[in-house]
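Colleague: Could you take me through some strand pairings and a pocket, and say what each label rests on?
Modeller: Gladly, let's look together.

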Amino acid sequence: MNVSPSQIFGPGEHEYDVGRMGLNRAVESRPAYVVGAAGEQDVVAAVRMAAAQGRAVGVLASGHSPTVAADGAVLINTARMNGVEVNPETRFAWVEAGTRWRQVVDVAAAHGLAPLNGSSPNVGAVGYTTGGGAGLLGRRYGFAADHVRRLRMVTADGRLREVTPGSDPDLFWAVRGGKDNFGVVTGMEIELFPVSRLYGGGLYFPAEATSDVLHVYAEWSRSLPREMASSVLLAQNPDLPMVPAPLRGRFVAHVRIAFSGAEGGAELVRPLREIGPTLMDTLRDMPYAEVGTIHHEPTDAPYEAYDRNVLLHEIDKKAVDTLVAHAGPDAQPPFIAELRHFGGAYAGPPEVPNCVGGRDAAFSLFAGAPPAPGSRERRDRMLADMRPWSTGGMNLNFAGVEDIAPAVVRTAYRPGDHTRLTELKAVYDPGNMFRINFNIPPKGTPACAWPGSGRDK
């Protein structure tokens with residue numbers, strides 16, 4: 001097998017249960033084996049073992065985004081592969097497969113630099129980036145996938161490859177946006193940016209201000225500089241001790257702000273502050289290393305959530321009214337909803353082309369539902385009623401376990417790009433070994449033949 005027995009775990013072993021469980025318990029995997037990879041050669045051996053046994057391969061890093069149950073598969077847990085190296089002269093970082101953004105942020109911040117990380121620094125850097133990556137510097141610099149310089153990955157033939165625009169242009173194009181459909185990425189070299197501070201935080205408005213907040217926000221967002229990233233979260237906060245006292249047990253319209261310009265952040269947000277009194281105002285000048293406090297998202301506690309999203313080409317007054325009707329406080333929604341501003345550099349082509357879709361979006365609308373009866377149905381009614389403003393696409397980083405059907409995955413890409421992805425899949429993974437994911441079946445194969453198709457929902 002070429003994998004040390006100490007790194008292969010089967011049912012009944014403690015390490016097997018630890019290694020197979022993601023944080024989102026909406027999906028629970030029972031793989032044939034869990035491989036606790038400590039380095040690239042472990043990944044090579046695991047892929048070769050799967051090929052020899054005719055098994056699928058799944059990958060789990062930080063555990064935040066399992067989508068398809070890896071039952072009977074070889075599940076490679078890359079959490080131990082968490083090295084980070086930063087070159088402050090070139091402004092590049094080398095990031096291993098299991099590294100979380102928090103590690104990259106901290107190492108880069110010591111040099112006055114920042115990666116294009118997500119709003120939660122606790123998610124895995126590689127999976128986020130290969131899915132596109134829309135974070136708090138994205139309107140200024142573009143998708144995280146746009147700024148990958150090279151990759152190391154293991155493909156279905158068990159080969160460890162150094163993938164660059166020069167060596168493997170097709171594969172380099174496909175992986176940046178195609179996630180783990182083409183192999184297991186063991187490391188990536190990414191660009192860093194000279195951002196050391198932000199003007200950021202949150203404005204927490206009471207329930208009765210929700211409609212005003214969204215109407216003002218929609219108009220305010222039309223003329224912002226690229227350095228301003230923002231979103232609005234609509235959520236009912238639980239009445240629990242870990243929730244700040246002013247927000248505890250209350251419905252809140254939470255405006256998140258991350259301004260990376262040199263100055264002028266306070267003046268830019270003045271129209272939002274003029275909406276009215278807030279429950280909390282945490283806007284401040286902060287070091288970039290504290291970027292995770294802006295969205296203040298959950299960290300490593302297990303949860304069960306059913307996430308979906310649509311991309312919007314605009315949001316006008318009628319769109320706001322529709323959103324408030326479904327997700328505002330009077331509706332008592334059994335889900336959370338987030339409207340996130342896109343545009344800016346997201347809309348432009350990357351220097352080295354990739355397959356990331358959604359560049360025509362002005363906003364994303366995310367909705368996360370708990371397992372409570374009726375919550376997903378109400379979430380879906382909201383998303384359906386927002387379709388008049390939809391681009392027809394969705395963002396893979398915000399997709400969930402109900403979005404695994406190939407027909408849904410296809411909407412994350414431009415039509416021509418998706419066709420090309422299926423053609424490249426037939427070249428690099430004709431047996432669809434890498435199908436424990438948002439799957440792109442090889443061209444010429446019926447989509448229903450693979451796990452992740454509508455048949456399995």
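**Pairings and a pocket**

Modeller: This is a predicted model. A good place to begin is M153, which stands opposite R161 in strand 8.

Colleague: What makes strand 7 and strand 8 a pair?

Modeller: Two strands pair if there are at least two bridges between them. Strand 7 and strand 8 (residues 160-163) are joined by four bridges, so they count as paired. They run antiparallel and form a hairpin with five residues between them. In the turn, G158 has a positive phi of about 75 degrees.

Colleague: And how do you know that strand 7 pairs with strand 9?

Modeller: The cut-off is again at least two bridges, and strand 7 (residues 148-154) has six with strand 9 (residues 184-191), in the antiparallel sense. Therefore this is a pair too. Within it, L151 stands opposite M188 in strand 9.

Colleague: Now the second largest pocket: why is it called a pocket and not a cavity?

Modeller: Because a cavity is a space the probe cannot get out of, whereas a pocket is an open set of points. The second largest pocket holds about 250 Å³ of space, and 18 residues line it. V18, G19, A61, N77 and A79 lie nearest its centre.

Colleague: Which elements give two or more residues to that lining?

Modeller: Helix 1 (14-20) and strand 2 (33-36). Helix 1 gives the most, with three residues.

Colleague: What is the make-up of the lining of the second largest pocket?

Modeller: Eight residues are nonpolar, six polar and four charged. Gly counts as polar, so G19, one of those nearest the centre, belongs with the polar residues.

How values were computed:
Residues numbered from 1 in each chain as written. Predicted model: local features only at pLDDT ≥ 70, side-chain atom pairs only at ≥ 80, totals over all residues. Heavy atoms only, no water. 1 Å grid on protein atoms, 1.4 Å probe; cavity = no way out; pocket = protein on both sides within 12 Å on 5 of 7 lines; lining within 4 Å. Points joined across faces, edges and corners; volume = space filled by probe spheres on them.
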